[in-house]
Amino acid sequence: MEYKTKFQFTDDEKPPIRIRVRTLLGNEAIYRIKCNEEVSILKASVNQSFDISPKHQCLVYQGKVLEEGNKLKDYNIQNGSLIHLIIT
């Protein structure tokens with residue numbers, strides 16, 4: 001008999017991750033979001049917290065700009081990741 005020792009979830013089954021978004025002034029907010037969500041969902045959450053329109057947000061993770069239409073998992077964003085918010 002073979003037993004699996006690790007759980008393997010599909011993207012839809014995975015629990016939300018916690019990520020931090022920090023402004024250049026050092027203000028920070030924490031979000032619980034699934035890794036398969038699109039960047040636009042995160043931008044909408046940032047809009048609610050900081051009252052900054054998504055079209056004026058530039059989110060940067062590890063030197064890469066998060067592009068609309070892509071998913072957070074496309075950038076390998078993990079639980080506890082820090083994303084920088086630049087206002088354009």
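**A buried lysine, a one-sided helix and a salt-bridge network**

Lys43 is buried, with a relative accessibility of only 6%, below the 20% cut-off that defines the buried class. The model is predicted. The charged side chain of Lys43 nevertheless has a partner: Glu68 forms a salt bridge with Lys43, and the closest N and O atoms lie 3.4 Å apart. Lys43 belongs to helix H1, whereas Glu68 sits in the loop between strand E4 (64-65) and E5, so the pair ties together parts that are 25 residues apart in sequence. The two partners fall in opposite classes of the pair "buried" and "partly exposed": Lys43 is buried, while Glu68 is partly exposed at 45% relative accessibility.

Salt bridges with shared partners also join Arg20, Arg22 and Glu28 into one network. Glu28 is the shared residue, bridging to Arg20 and to Arg22. For the pair Arg20 and Glu28, the closest N and O atoms are 3.5 Å apart. For the pair Glu28 and Arg22, the corresponding separation is 2.7 Å. Each member of the network is partly exposed. Arg20 has a relative accessibility of 27%. Arg22 has a relative accessible area of 26%. For Glu28 the relative accessible area is 35%. The whole structure holds three salt bridges.

The secondary structure of the chain consists of one helix and five strands. Read from the N terminus, the elements follow the order β-β-α-β-β-β. The helix, H1, covers residues 39-50 and has 12 residues. From its first C-alpha to its last, H1 reaches 16 Å, close to the 16 Å expected at 1.5 Å a residue. Val39, Leu42, Lys43 and Val46 are buried in H1. Viewed down the helix axis, the buried residues of H1 fall within an arc of 100°, so they line one face of the helix. An α-helix has 3.6 residues a turn, so residues three or four places apart point the same way.

The buried residues of H1 pack against four strands by name: E1 (17-23), E2 (28-33), E3 (57-61) and E5 (82-87). Lys43 is one of these buried residues. Just after H1, Asp51 adopts a positive phi of about 55°.

Across the chain of 88 residues, buried residues make up 31%. Contacts over long sequence separations are frequent: among those between residues at least 6 apart in sequence, 54% join residues at least 24 apart. The chain exposes about 6200 Å², and carbon and sulfur atoms supply 49% of this area.

Two cysteines were examined for burial. Cys35 is buried at 11% relative accessibility. Cys58 is also buried, at 17% relative accessibility. Both values lie under the 20% limit, which means that each residue counts as buried. The structure holds zero disulfides.

Key
Residues are numbered from 1 along each chain as its sequence is written. This is a predicted model: local features need pLDDT of at least 70, side-chain atom pairs count only at pLDDT 80 or more; totals for chains, interfaces and linings use all residues. Side-chain values use heavy atoms; hydrogens and water are left out. A disulfide is a pair of cysteine sulfur atoms within 2.5 Å. Buried means under 20% relative accessible area, exposed over 50%, partly exposed in between (1.4 Å probe, protein chains only). Helices (H or I, at least four residues) and strands (E, at least two) are DSSP runs, numbered from the N terminus. The expected span of a helix is 1.5 Å times one less than its number of residues. The arc is that of the directions from the helix axis to the C-beta atoms. Contact means heavy atoms within 4.5 Å. Accessible areas come from the Shrake-Rupley method with a 1.4 Å probe; for residues, only the protein chains shown count as cover. A salt bridge is a side-chain nitrogen of Lys or Arg within 4 Å of a carboxyl oxygen of Asp or Glu.
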